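Biologist: I would like to go through the labels in this model one by one. Could you set each value against its cut-off for me?

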Amino acid sequence: MNQHHESTGPAGEQQITLRGPAELADALPYLMGFHPNDSVIMVALHGGRGRFGGRLRLGIPQSPQEWAPVAEQLAECLIKGSERRGERPDAIVIFLCQDPAEGESGSRIMERLRPFAQRLRTACGGLDVPVLEALCISDGRYWSYCCPDERCCPAEGNQLAMPGTSVMAAAAAYAGIQVRGTLREMEARLAPLTTSAAAGQQRALDSAGAELVPKLLDEEGREDVARETLDLARQLMKRLGEAPVTTPSASDIGDDGLISHDEAAAVILGLQDRETRDRAAEWMEGPEAASALRLWRALSRRCVAPYEEHAAAPLTLAGWVSWSTGDEPGARVALGLALRIDPRYTFAQLLHEACNQGLDPETLRRCLRGERSVRTGRRGHRPDRSARPRTARPAAMRRKKSPSGSARPESAATRRRSGQGAPGRRVSQDDG
């Protein structure tokens, strides 16, 4: 068995030493904030004691043909991202998590993913960063790809610790760290409705689109739609804020019942305008934040087929409010879904990168407060349309614009109409 000593925080904070694969496997949900499903996770280690640093998660590619290029992208993303923050990793730990399909065993999952684990180890080694441990977690058991000793790492794997019985679980409980459930459960809260209500929501989106899209293409009409969208969103936030909050699933069902199909459709389509969306992003703190987050989640669920790509805006807003209020796991899930829908959605890219690099959301909050103050100060004065201001971005969040990008994020539907192919898989880094 490979022995490791990793601490969960920097000096001066509570530290937990993890020894060996069993404790590493048990610590994973606490590192991520949820139980990852169908995920490859890479964690950077720093210093002689192996302090946890940046972490990265991506869905496991279905095709083995993707494993080599994805492994290279993941290794480069984690290592180069850590270097940009001024601390190159001294080692890396890899987790491959996948639930077995019906009739499949965890051992079979482990063997099937072994070549992928080897690709990841080779890619990291090619960048001169060793992989200290690579684990497969499946069906309540774990396997080490690095330990050849069957006395401690048998072929049938080892049973995971019972929830709540490990040193890490005790330390997390003491620190108030909660595991939200599985990644699949967190994503389900944001997924489009599949009930009988979906047909009614589709009809409402069709009707609203016929009315609002021509206005959005007209300068004066766009201003009217923006004002109406934000006014309606405020009304819905007030309505949601007055409703009781119970368990997450019951709260979601209750919120869905408080918003009509027509109201949801109007706000969803209005948020496709970038400036309207940026105005809505100002509801990111104080009493507004909780009701805004409930609204953005509810609207994400209303983006039913064939309007799934419209969810990029409410998902990004949900991710922003989550990050702004300290819920980094929730932010990463929402922003990851937004980028899965539209990998070129610029606002989601900026937020995801900033969140994963450990930047302080206060930087962006100050920008948005400044935008609101400037707009309030000039209220009553018609702005010069030839010099329409764009939302300010903190310098730390600016990206070099891709030559193929556009000033306004494109929807998937727009790309299909223009004949562009679907963009490739995007790799993003998580930083705890």
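Modeller: Gladly, and let us start with the aromatic pairs: searching the whole structure gives 3 of them. This is a predicted model, where local features need pLDDT of at least 70, side-chain atom pairs count only at pLDDT 80 or more, and totals for chains, interfaces and linings use all residues. Residues are numbered from 1 along each chain as its sequence is written, and side-chain values use heavy atoms, with hydrogens and water left out.

Biologist: Why is the pair of Trp67 and Phe116 called stacked?

Modeller: Rings of Phe, Tyr and Trp (its six-membered ring) pair if their centres lie within 6.5 Å; planes under 30 degrees apart count as stacked, over 60 as edge-to-face and the rest as tilted. The ring centres of Trp67 and Phe116 are 5.3 Å apart and the planes stand at 25°, so this pair is stacked.

Biologist: What makes this pair a tie between separate parts of the sequence?

Modeller: Helices (H or I, at least four residues) and strands (E, at least two) are DSSP runs, numbered from the N terminus. Trp67 belongs to helix 2 (residues 67-84) and Phe116 to helix 3 (residues 106-126), so the pair ties together parts that are 49 residues apart in sequence. Both Trp67 and Phe116 are buried.

Biologist: And how do you know that Trp283 and Trp296 are stacked?

Modeller: Their ring centres are 6.1 Å apart and their planes at 10°, so Trp283 and Trp296 also form a stacked pair. Trp283 sits in the loop between helix 10 (274-280) and helix 11 (287-301), and Trp296 in helix 11, 13 residues apart.

Biologist: Why does Trp283 count as buried?

Modeller: Buried means under 20% relative accessible area, exposed over 50%, partly exposed in between (1.4 Å probe, protein chains only). Trp283 has 3% relative accessibility, so it counts as buried. Trp296 has 0%, so Trp296 counts as buried too.

Biologist: Which label does Glu187 get, buried or exposed?

Modeller: Glu187 has a relative accessible area of 17%, so Glu187 is buried. Glu187 is part of helix 5 (residues 183-188). Contact means heavy atoms within 4.5 Å; leaving aside neighbours within four places in sequence, Glu187 is in contact with Val333, Leu337 and Arg340.

Biologist: What makes Ala22 partly exposed?

Modeller: The relative accessible area of Ala22 is 35%, so Ala22 is partly exposed. Ala22 lies in helix 1 (residues 20-32), and its C-alpha atom is separated by 7.7 Å from that of Tyr142, 120 residues apart along the chain.

Biologist: Now the helix packing: why is helix 7 called roughly perpendicular to helix 11?

Modeller: Axes are lines fitted to C-alpha atoms, for helices over the stretch in contact, and angles run from 0 to 180 degrees between N-to-C directions. Angles under 35 degrees count as roughly parallel, over 145 as roughly antiparallel, 65 to 115 as roughly perpendicular and the rest as oblique. Helix 7 (residues 219-241) and helix 11 pack at about 105°, with axes 9 Å apart. That makes helix 7 roughly perpendicular to helix 11.

Biologist: Which residues meet there?

Modeller: Ala233, Leu236, Met237, Leu240 and Gly241 of helix 7 meet Glu288, Ser291, Ala292, Arg294 and Leu295 of helix 11. By class, this contact of helix 7 with helix 11 has 6 nonpolar, 2 polar and 2 charged residues. For the classes, Ala, Val, Leu, Ile, Met, Phe, Trp, Tyr, Cys and Pro count as nonpolar, Asp, Glu, Lys and Arg as charged, and the others, Gly among them, as polar.

Biologist: What about helix 8 and helix 11?

Modeller: Helix 8 (residues 248-258) and helix 11 pack at an angle of about 75°, with their axes 10 Å apart. That makes helix 8 roughly perpendicular to helix 11. The contact of helix 8 with helix 11 has 1 nonpolar, 1 polar and 5 charged residues.

Biologist: Last one: what is notable about phi of Asp38?

Modeller: Phi of Asp38 is near 45°, a positive value in a residue other than glycine. Most residues other than glycine have a negative phi. Asp38 is in the loop between helix 1 and strand 1 (39-46), and at 32% relative accessibility Asp38 counts as partly exposed.

Definitions and conventions
The expected span of a helix is 1.5 Å times one less than its number of residues.
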